[in-house]
Amino acid sequence: MRIVSIEQVKNKAKRYRIRLDNGADFVLYRGEMLQMGLAEDEEITTQQYEALLTDILIPRAKARTMHLLEKQDRTESNIRQKLREGGYPMEAIDEAVAYAASYHYVDDRRYAENYIYFHKDSKSCQRLKQDLLRKGIAKEVVEAALEEGYETDERGLIAELLAKKHYNPEEADQKERAKMYRFLASRGFSPGDIMDALRD
């Protein structure tokens with residue numbers, strides 16, 4: 001493998017992004033790079049790359065993953081994105097995610113179930129599904145979590161939300177109805193259910 005380029009990471013004086021001709025790229029500290037004698041247009045052997053992965057990049061990716069999970073639960077997709085932004089190659093990312101998943105520190109099903117539990121009183125089933133899919137959770141995982149954890153009567157939930165907003169259909173003008181419609185639509189409720197609730 002040949003080193004195509006070595007560039008200093010923006011706002012990180014001691015870190016350098018190294019790109020290889022096979023499409024792989026990774027970030028090393030300046031001292032690590034100098035110690036290995038890496039330079040542009042020079043060859044890096046498979047053994048050198050494997051040693052980089054084993055000794056530096058994989059342990060660092062695991063540590064970064066654990067740090068990301070310290071303050072909040074995250075989806076696998078989010079962890080992968082953060083590691084990629086941090087300059088870790090795919091091999092290190094796969095190892096770090098597998099490590100965290102083996103201890104259930106990363107668990108998309110648990111994440112989906114918790115998200116549904118905390119938001120089911122303010123969002124429709126459809127909106128919850130969209131939110132979780134947007135977070136990179138697999139469709140079958142989302143659907144299974146919804147089937148198990150979402151039993152809310154959506155018409156009843158709309159009525160509760162309107163009551164909290166002090167909405168009175170007999171006194172509401174067109175502007176107030178439009179405002180409430182937008183509010184409920186943003187939470188994913190169906191147009192038919194919203195219109196019925198605004199009239200009742």
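Buried means under 20% relative accessible area. I adopted this cut-off before examining single residues, and I note that the model is a predicted one.

**Entry 1: S5**

I looked up S5 and located it in strand β1, which covers residues 3-8. Its relative accessible area is 11%, so with the cut-off at 20% I recorded S5 as buried. I then listed its contacts, leaving out residues up to four places away in sequence: S5 touches R17, I18, R19 and E40.

**Entry 2: L28**

I turned next to L28, whose place is in strand β3. Is L28 buried or exposed? I entered L28 as buried, since its relative accessibility is 0%. Apart from neighbours within four places in sequence, L28 is in contact with K14, R15, Y16, I18, M33, L38, L52, I56 and L57. I noted that I18 appears in the contact list of S5 and in that of L28. I also checked one C-alpha separation: L28 and Q8 are 20 residues apart along the chain, and their C-alpha atoms are separated by 9.8 Å.

**Entry 3: the largest pocket**

I examined the largest pocket and recorded a volume of about 200 Å³. Which elements give two or more residues to its lining? I found β3 (25-29), α2 (46-71) and α3 (76-85). The largest share, three residues, comes from α2. I wrote down the lining residues as R15, V27, Y29, L57, R60, R64, K82, E85, G86, G87 and Y88. By class, I recorded four nonpolar, two polar and five charged residues in this lining. Two of the lining residues, R15 and L57, are also among the contacts of L28.

**Entry 4: the whole chain**

I then surveyed the protein chain and found ten helices and three strands. Read along the sequence, the strands precede the helices, in the pattern β-β-β-α-α-α-α-α-α-α-α-α-α. The radius of gyration is 25 Å, well over the 16 Å that the globule rule gives for 200 residues, so I described the chain as more spread out than a compact globule. Along the principal axes, the C-alpha atoms fill a box of roughly 80 × 35 × 25 Å.

I recorded 34% of the 200 residues as buried. The chain exposes about 12100 Å², of which carbon and sulfur atoms supply 47%. For contacts between residues at least 6 apart in sequence, I noted that 55% join residues at least 24 apart.

Key: Residues numbered from 1 in each chain as written. Predicted model: local features only at pLDDT ≥ 70, side-chain atom pairs only at ≥ 80, totals over all residues. Heavy atoms only, no water. 1 Å grid on protein atoms, 1.4 Å probe; cavity = no way out; pocket = protein on both sides within 12 Å on 5 of 7 lines; lining within 4 Å. Points joined across faces, edges and corners; volume = space filled by probe spheres on them. Helix = DSSP H or I, 4+ residues; strand = E, 2+ residues; numbered from the N terminus. Nonpolar A, V, L, I, M, F, W, Y, C, P; charged D, E, K, R; others polar. Rg over C-alpha atoms; globule rule 2.2 N^0.38 Å. Buried < 20%, exposed > 50% of the residue type's maximum accessible area, 1.4 Å probe, protein only. Contact = heavy atoms within 4.5 Å. Areas by Shrake-Rupley, 256 points an atom, 1.4 Å probe, with all protein chains shown as cover.
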